[in-house]
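Let's go through this fold together and ask, label by label, what each one rests on. Grab the structure and follow along.

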Amino acid sequence: MNHKQTVSFLSRLPITRPVSNDQERVFLSVLNGQVNTRSQATKGLAIRSTTISDCVAELLAVGLLTEEVSVSVGRGRPSLTLAVKANRLVTVVFQVISQSVHIFIINLSAQIIAHDQLEASPDCDNRMLENIFLELYQRIIKQLPNEAQLVGIVFSLGGVFDRSTYRWIHTSRWPRMHNLAIGNIFPQEQYNISLSRTLDNELLMHLLQRDESTLLLHWGYGVGFAFGQAADRIVAGGYAFGEIGHWHIPGQQQACHCGQQGCLETTTALWSIGPRVLGNDFRAGDDEDHLANLLATRDLMDDAHIQLALRHITSAASNVCRVFFPRRLIISGPFVKNPRLWQAFCEGFEQQNRFFGQSTHELAVSQVSRDLGIYGAAIPVLEQGLAELLQD
């Protein structure tokens, strides 16, 4: 089995669906730096010059491109250079990070052009979270560029939610929140609202690097997984798909935030074992990046809580792989940033990673940055907004 570090990337706009027309081809070629003049577009895209001119005229008319005189070098007529107006289409993304709700405005060049956040205490209920969402939106919308068209609002969520009813049902960070009706805060008739799993958004970035059957398992404040065969084939499942943190573990009786007893998270998740492993250095809701730094430098392997967590998370990962048989398993979260703990996980997983000759070929620690995961949430909405603008 290959053990690799998966590196972050984003040198171009990833496209997760087929390009629908010549205007999109021209625009994306300029956006991704492949061409910057009409003549380059004609040669590089193998499209007739008259068609290129029509496409450029359309893109100029809808405000997606500009065309300006470039600096002339030597004799001859200066050329006209094409450039993208990246702020023409933007989307708003809400995401939970630690014990805070964050809001971002993302443009077509994968740039975060505005960001804000508010702390949400562990005792937040539906009303308190509703007020936080509304306040953040009202604050950030004032930073929307004049030329920008907001094409959608994305809620990138963890826990359990129902896309069909726009309800956030449960998350371990706010146990008092239950069945939050996001569709009542931001009515679909007024806003283009999308609910997406944070893990699916991170998985999308891995699959855009390499289309290969991939299972992404997060081991941190909670435990869950996402699975996909390719960027356009991520398994959505039901509203609780991937929430293996609430699998029942025989012999365990500790109460879980979800209301049950003996869930996998009670022996593996930071919210449960963090205080016992890190002592006074642990604070509920701490940023996972901060906790990763703490865990990375600790000698954890003699800790009984870590030993139990390692056994259970290794078995859980192995069992999920026996369902999907991915070619690669990527682990994210703060625990695997500890070198000895990561080595022990790899050794334990390899012992169980055999099933009638089938095995997971690659095991890796995720290095996809938080910003890339946020952009993964924005991609489908930006793509749809681009397609609709060019079809009008």
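Q: What makes helix α8 count as mostly covered?
A: Keep in mind that this is a predicted model. In α8, 7 of its 9 residues are buried, and a residue is called buried when its relative accessible area is under 20%. The ones that pass are L270, W271, S272, I273, G274, V277 and L278.

Q: Which helices do the buried residues of α8 pack against?
A: They pack against α7 (265-268), α9 and α10 (304-324).

Q: Why are α8 and α9 called oblique to each other?
A: Look at the angle: the axes of α8 (residues 270-278) and α9 (residues 288-296) cross at roughly 40 degrees. Roughly parallel needs an angle under 35 degrees, and roughly perpendicular starts at 65. The crossing fits neither, and therefore α8 and α9 are oblique. The axes come within 12 Å, and α8 passes α9 in a left-handed crossing.

Q: Which residues of α8 and α9 meet?
A: On the α8 side you'll find L270, V277 and L278, and they meet L291, L294 and L295 of α9. Those residues divide into 6 nonpolar, no polar and no charged. That fits the rule that Leu and Val both count as nonpolar.

Q: What happens just after α8?
A: There G279 takes a positive phi, about 60 degrees.

Q: Why do β8 and β10 count as edges of their sheet?
A: The sheet is open, with 3 strands in the order β8-β9-β10 and antiparallel pairing. β8 (160-162) and β10 (180-181) each have a single partner strand, so one side of each has no neighbour in the sheet.

Q: How do you know that β8 and β9 pair?
A: Count the bridges: β8 and β9 (residues 167-170) share 3, in the antiparallel sense, and at least two are needed for a pair. One of the matches is V160 with its bridge partner H170 in β9.

Q: What makes β6 and β11 the edge strands of the other open sheet?
A: This sheet has 5 strands in the order β6-β5-β4-β7-β11, and its pairing is mixed. β6 (112-119) and β11 (193-197) each pair on one side only. On average, neighbouring strands here are turned by 20 degrees against each other, direction ignored.

Q: How do you know that β7 and β11 pair?
A: Strand β7 (residues 149-157) and β11 have 5 bridges in the parallel sense, and the bar is at least two. In β11, S196 is the bridge partner of S156.

Q: Which helices pack on this sheet?
A: Helix α4 (residues 126-140) touches β4 (89-97), β5 (100-107), β6 and β7, and its direction makes about 150 degrees with that of β6. Helix α6 (residues 198-209) touches β4, β7 and β11, with its direction at about 75 degrees to that of β11.

Q: What makes β15 count as mostly covered?
A: In β15 (residues 362-366), 5 of its 5 residues are buried. E362, A364 and S366 point one way, while L363 and V365 point the other way, and all are buried.

Q: How do you know that β14 and β15 pair?
A: Strand β14 (residues 328-332) and β15 share 4 bridges in the parallel sense, against a requirement of at least two. I330 stands opposite A364 in β15.

Terms used. Residues are numbered from 1 along each chain as its sequence is written. This is a predicted model: local features need pLDDT of at least 70, side-chain atom pairs count only at pLDDT 80 or more; totals for chains, interfaces and linings use all residues. Side-chain values use heavy atoms; hydrogens and water are left out. Buried means under 20% relative accessible area, exposed over 50%, partly exposed in between (1.4 Å probe, protein chains only). Helices (H or I, at least four residues) and strands (E, at least two) are DSSP runs, numbered from the N terminus. Axes are lines fitted to C-alpha atoms, for helices over the stretch in contact, and angles run from 0 to 180 degrees between N-to-C directions. Angles under 35 degrees count as roughly parallel, over 145 as roughly antiparallel, 65 to 115 as roughly perpendicular and the rest as oblique. A crossing is left-handed if the near helix is turned anticlockwise from the far one by less than a right angle, and right-handed if clockwise. Contact means heavy atoms within 4.5 Å.
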